[in-house]
Amino acid sequence: SKMTVKAVKMPCTAPNVYTKVPDGGWGWTVAFAFFFVEALTYGIIKSFGVFFNDLMESFDETNSRISWIISICVFVQTFTAPLSTVLSNRFGHRFVVMAGGVLISTGMVTASFARTVVDMYVTIGIISGLGYCLSFLPTVTILSQYFDKRRSLVTAVASTGECFAVFSFAPAITALKEQIGWRYSLLSVGVLQLSIVICGSLLRPIVIKEQEEVKAQPPEEPAETKYMLENEQTRTSIESIDSGVEITTSPSNVPGKTKAEPKSEEPKEHIQILVENNSTPPEPKTKLLDFSVMRDYSFICYAFFGLFATLGFFAPSLYIIPLSLSLGIGKDHSAYILSAMAIAEVFGRISAGWVLNKKPIRKIYIELICVVLLSVALFAFPFASEFWGLMTCSVFFGFMLGTVAGTHIPLLAEDDVVGIAKMSSAAGVYVFIQSLAGLAGPPLAGVLVDTTQNYSSAFYSCAAGMVLGAVFLALVRPCKAGLCQRQQQRAEESAPEVLPDLPDDFIEMDIGKAENSGKGCDGV
């Protein structure tokens, strides 16, 4: 009979309990919250460039010193990813995201009163940077727990909040600055980011409790009656053979039936019970940060993929406008190129989610194809010499960037990498490793540009990093398959030899012996 699960009414603060991954339900609300968290975190970071000229004039600083505000912010955001994982496992995703929203808002509001660029380093770089980490990572982690078959598609679509934020925030902030100035505009952005607290309050925790079907033992007849009937039948069949062999089948001769049950016991009804895992012994406490993923070769390869691929994520957005200006393209047309890249990224994220949602499909190989094509797009930029060439490269790069940027973290939940059980810890370690490339990438590209006096060298360096990332991504699946084979071999070697099962009742075996003996006597 099929199992029926009864819905239990719970308060909004209680966790959602399911017998399997719901692939919907409250997960749609979590996806809605993730859309706005993405918009209010990465969307604001990408739109922060509208303040650059104002900050340079107000603080009388160079472009490089102002750019360190976002560099420090992004580094803190990724470097503190393990801390976000520990706090989420200790206090829950909801509380951590709400605390992150408070930190983001506090840092941005305080920055509006900054008097030096160093104040910006502390307020936006450190305080808001930590808040970005506490808000983004737990949200994408719990969203992956609510979905299984639709995980790739839902995550990709929800992550487009970042792209839509760039469209809306950049022109809106620019228009607001003309009315009230950059300081009050920055203050307004900080107040708007306080709505992350509302998004965090929607992240109800999820608990998966599987139900087991347990069948009661079939009713047994009283032992003495059972064996007396069997004895009568056995003796009758043997006497017809006339072998002269006497077989005793008293309960004492049957292993495991040394004592007869009382005759007065009534036979029990055949029942079927559904038992929840609540009756099982309590599960061990979840580790705050499970470093066992570092012993998984497939995860190590995937982490190196993220490390080198991150080098290729930032180059076009930072250098496409300087590259276009160096080719004699006007500022307005250069802005169109950047907008086209953002539009193409939206379609890339949605397309990747739709493709990865197909079954059956090896998602890690689809990701590998996208990374290879992303490397081709980076190599193509230096060969563009006019507006439409750069526009084509930007659209192609934006589309391929969307396919990778929207799926590389959710792919940690796939069995080819670490699986959904270790998703939280793996995401923290993975983003932490990415922070190293995020901090070293922009200065490295800047050194190459200053040395060669050519912006094409930045694109070549990022393309080389993306190619290395593709190599490590190609090793993820072979490492996972090899690890599984080794574990299976160890299990087979350590498994004890299984003895053949003895018959439950020796009567049949005794009858066989009696027949053989009877044939022997007849032959004599």
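The legends below describe several close-up views of a predicted model.

**Figure 1. The whole chain, with its helices, strands and contacts.** In this predicted model, the secondary structure of the chain comes to 20 helices and 4 strands. The chain has 524 residues, and buried residues make up 43% of them. Among contacts between residues at least 6 apart in sequence, 85% join residues that are at least 24 apart.

**Figure 2. Helix H6, which covers residues 117-146.** Helix H6 has 30 residues and reaches 42 Å from its first C-alpha to its last, a span close to the 44 Å expected at 1.5 Å a residue. The helix also has a kink of about 30°, and this kink is centred on Ser128. Of the 30 residues of H6, 23 are buried, so the helix is largely enclosed by the rest of the structure.

**Figure 3. Ser144 and its contacts.** Ser144 is found in helix H6, and its relative accessible area is 0%, so this residue counts as buried. When neighbours within four places in sequence are left aside, Ser144 is in contact with Arg151, Pro410, Ile420 and Met423.

**Figure 4. The largest nonpolar core, seen around Tyr302.** This core holds 107 residues, and Met120, Tyr302 and Leu412 touch the most other members. Helix H6 gives the core its largest share, which comes to 12 residues. The core also draws at least three residues from each of two domains, namely domain 1 (13-210) and domain 2 (289-493). Leaving aside neighbours within four places in sequence, Tyr302 is in contact with Ile364, Thr407, His408, Leu411, Leu412, Val417, Tyr430, Leu473 and Val476. Leu412 is thus named both among the residues that touch the most other core members and among the contacts of Tyr302.

**Figure 5. Cysteines, shown with Cys301 and Cys479.** A search of the whole structure finds 0 disulfides. The cysteine sulfur closest to that of Cys301 belongs to Cys479, and the distance of 3.7 Å is too far for a bond, because a disulfide requires the two sulfur atoms to be within 2.5 Å. Cys301 itself is buried, with a relative accessible area of 10%. Cys133 also counts as buried, at 2% relative accessibility.

**Figure 6. Ser195 and Val37, apart in sequence but brought to 8.8 Å in space.** Ser195 has its place in the loop between helix H9 (182-193) and helix H10 (196-201). With a relative accessible area of 25%, Ser195 is partly exposed. Although 158 residues separate Ser195 and Val37 in sequence, the two are 8.8 Å apart in space, taken from C-alpha to C-alpha.

**Figure 7. Two loop residues with positive phi, Asp60 and Gln453.** Most residues other than glycine have a negative phi. Asp60, by contrast, has a positive phi near 55°, and Asp60 lies in the loop between helix H2 (52-59) and helix H3 (63-79). The relative accessibility of Asp60 is 68%, so the residue counts as exposed. Gln453 likewise has a positive phi, near 55°, and lies in the loop between helix H17 (423-452) and helix H18 (456-474). Gln453 is exposed as well, with a relative accessible area of 67%.

Definitions and conventions:
Residues numbered from 1 in each chain as written. Predicted model: local features only at pLDDT ≥ 70, side-chain atom pairs only at ≥ 80, totals over all residues. Heavy atoms only, no water. Helix = DSSP H or I, 4+ residues; strand = E, 2+ residues; numbered from the N terminus. Expected span 1.5 Å × (residues − 1). Bend = angle between axes of the 7 residues up to and from the residue. Buried < 20%, exposed > 50% of the residue type's maximum accessible area, 1.4 Å probe, protein only. Contact = heavy atoms within 4.5 Å. Core = buried A, V, L, I, M, F, W, Y, C linked by side-chain atoms within 4.5 Å. Domains from an automatic or database assignment.
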